[in-house]
Amino acid sequence: MSTTTKEPYLLNVDEEASKRLNLQHDILTQMLYGKLIPEPVIKRLTSVQEAARAMSYDRPASKQVKYLKIADLATGTGIWLYSIRKQLEELDLKAELHGYDLHDNQFPPEGKREDVGFHMLNILDTLKFQEIGPTYHYIHARLLTSVLTREEWKVAIDNCLEILKPGGFLHFEEIPFGELSMEKDGAPASGGVLEKLQASMKLLKRDLDCGNNIYNYLEELELWETEHRKIDLRTCDEETKQMQNVNARLGLEEFITNAIARGPEALKRLGFESKEAALEKMASLGKDPGTQAFFVLHSILGRKPGGSYTMQLSSGSAAPKDSELEEARDEPKQIPKPIFDGALERAPEDTEEEPQPTFVVPRRGRFQVSYAVTSQNPDTK
Ligand SMILES: C[S@@+](CC[C@H](N)C(=O)[O-])C[C@H]1O[C@@H](n2cnc3c(N)ncnc32)[C@H](O)[C@@H]1O
C-alpha cells in the first residue's frame, strides 16, 4: 500500500542545513575511520563485479563497465555518495550512484553532479518503489530518526527491500534521539531544550530508539548477515567531540528555527511561550564552557536473502538436492564463491545484470532464494 507521511519535517532543507549535514558527515566519517562501506558489503560488491567481469572477460572494456548500482535514500546533499566514491575507487569497484530524497533543495546544482544521479522520491511511497523494482546491490539510508515514526520505519524498510537485488545489502546509520545528551560534569546541560525536543519527538511518534528497533525488524524479516554496531562518541577523540559540540548547537538551532516557522503550537511543544523566548535561548545554547554533547551512532546491516551465485556441476549431473540448497541458504557465510567456467561467459552485450537464477527455491516468510547453476555444457545450464 502506498503511504505518504503527513507529519512535518522537523529540520530545514536550506543552505544552512546543508552545512550542518556536511559537518555531521565529517564527524561520522571520523568515528568510522573513513570506512563508510562496511566490510561484508565490500566483499559482496567485489564478488558481484568479479562475476560480471568474468562473464565478459574477452572484452577489455568490461573493466570499466559499471555493473554495480548503489542508492542512498533521503540523501540530502548526497555527501555520503560523493564520499564513498573515493573508497570504491581505491577498491577498483565501479558503481552507478543514485541519491533519492523527498526534497531537491539540497541536491547539487545540475551540471555539478558529476556522475551521480539525483531523483525525488518519498521513502514511504510504496508504489514508486514497486515501479523501480529490484535494481540496487547496496542501499544506504542515514539520519532519518527525526523523519519517520516507528510504523513508518517498517514501511521505509519494506520499500528499500523492494528496490534491493536479492543478495544485496541494506545499511542504516542512525543517531537515536533517546541517546542524545548535553552534559556538564555529568549533569544535563542543555537548559531543558534537548529534553523538550525529545518529548516533542515522542509526541510526534518519532522512534527515539530507532537503532535497536531497525535491527529487530531486520531480524524479524529474516535478513541474512544482520549486524548492529554501536559507536559512542564518549570513546572518540577530543577533536571529534569538539566538532559535535558545534554540530549539536547548530542542530538545536535548526529545530528551533523550524518550530518558529511552523508556528506557536510547534514552539510550545519545545517549551517556548514566544518566538522571542526561543531566539533568546538559541543565542545562549552551548555557550557554557565545559558542556559536552554526546550521541551514539548505530550502524545496522542486513542482506536480502537470495542472489545469484554459481555451483559447479559436471555435465549431466543431477540438480542439487533440496537439503544441499537448504544448507547453503541457511549458512550464507559458507556460500561458495562464484565459479565461472566459460559456460556462462557470453553475456548479452553491455548487460549489467548478474547471472540469472536457474532454480528458485521457496522460502518460508517473505523471501525466496535463487540459485544459478553452471555446468560444463551450456545446454544443461
Ligand atoms: C537529517 S537529513 C539526512 C540527509 C543525509 N542522509 C545525510 O546523512 O547527510 C534527512 C533527509 O531526509 C529527507 N526526507 C525527509 N522526509 C523524507 C521522506 N519522506 N522521504 C525521503 N526523504 C525524506 C530530508 O529532505 C533530508 O534530506
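Before looking at any pair of helices, I noted that angles over 145 degrees count as roughly antiparallel. I also kept in mind that this is a predicted model.

**Helices H8 and H10**

I looked up how helix H8 (residues 238–262) packs with helix H10 (residues 275–284), and found an angle of about 170° with the axes 10 Å apart. H8 and H10 are therefore roughly antiparallel to each other. On the H8 side the contact is made by Glu253, Ile256 and Ile260, while H10 brings Lys275, Ala278 and Met282 to it. Sorting these by class, I have four nonpolar and two charged residues, with no polar residue in the contact.

**The small set of strands**

Next I turned to an open sheet of three strands, which has the order S7-S6-S9 and antiparallel pairing. Strand S7 (187–188) and strand S9 (292–294) stand at the edges with a single partner strand each, so one side of each has no neighbour in the sheet. Following strand S6 (residues 181–184), I saw that S6 pairs with S9 in the antiparallel sense over three bridges, and that Ser181 has Phe294 in S9 as its bridge partner. I then came back to H8, which lies across S6 and S9 and runs at about 90° to S9.

**Around the ligand**

Last, I looked up the ligand and found that 22 residues surround it, the closest being Ala74, Gly76, Leu102, Ile123 and Leu143. Helix H1 (15–31) and helix H3 (79–90) are the elements that give two or more residues to this shell. By class, I wrote the shell down as 13 nonpolar, seven polar and two charged residues.

Notes
Residues numbered from 1 in each chain as written. Predicted model: local features only at pLDDT ≥ 70, side-chain atom pairs only at ≥ 80, totals over all residues. Axes fitted to C-alpha atoms, helices over the stretch in contact; angles between N-to-C directions. Helix = DSSP H or I, 4+ residues; strand = E, 2+ residues; numbered from the N terminus. Parallel < 35°, antiparallel > 145°, perpendicular 65-115°, else oblique. Contact = placed C-beta atoms within 7 Å. Nonpolar A, V, L, I, M, F, W, Y, C, P; charged D, E, K, R; others polar. Near = placed C-beta within 6 Å. Pairing = 2+ DSSP bridges.
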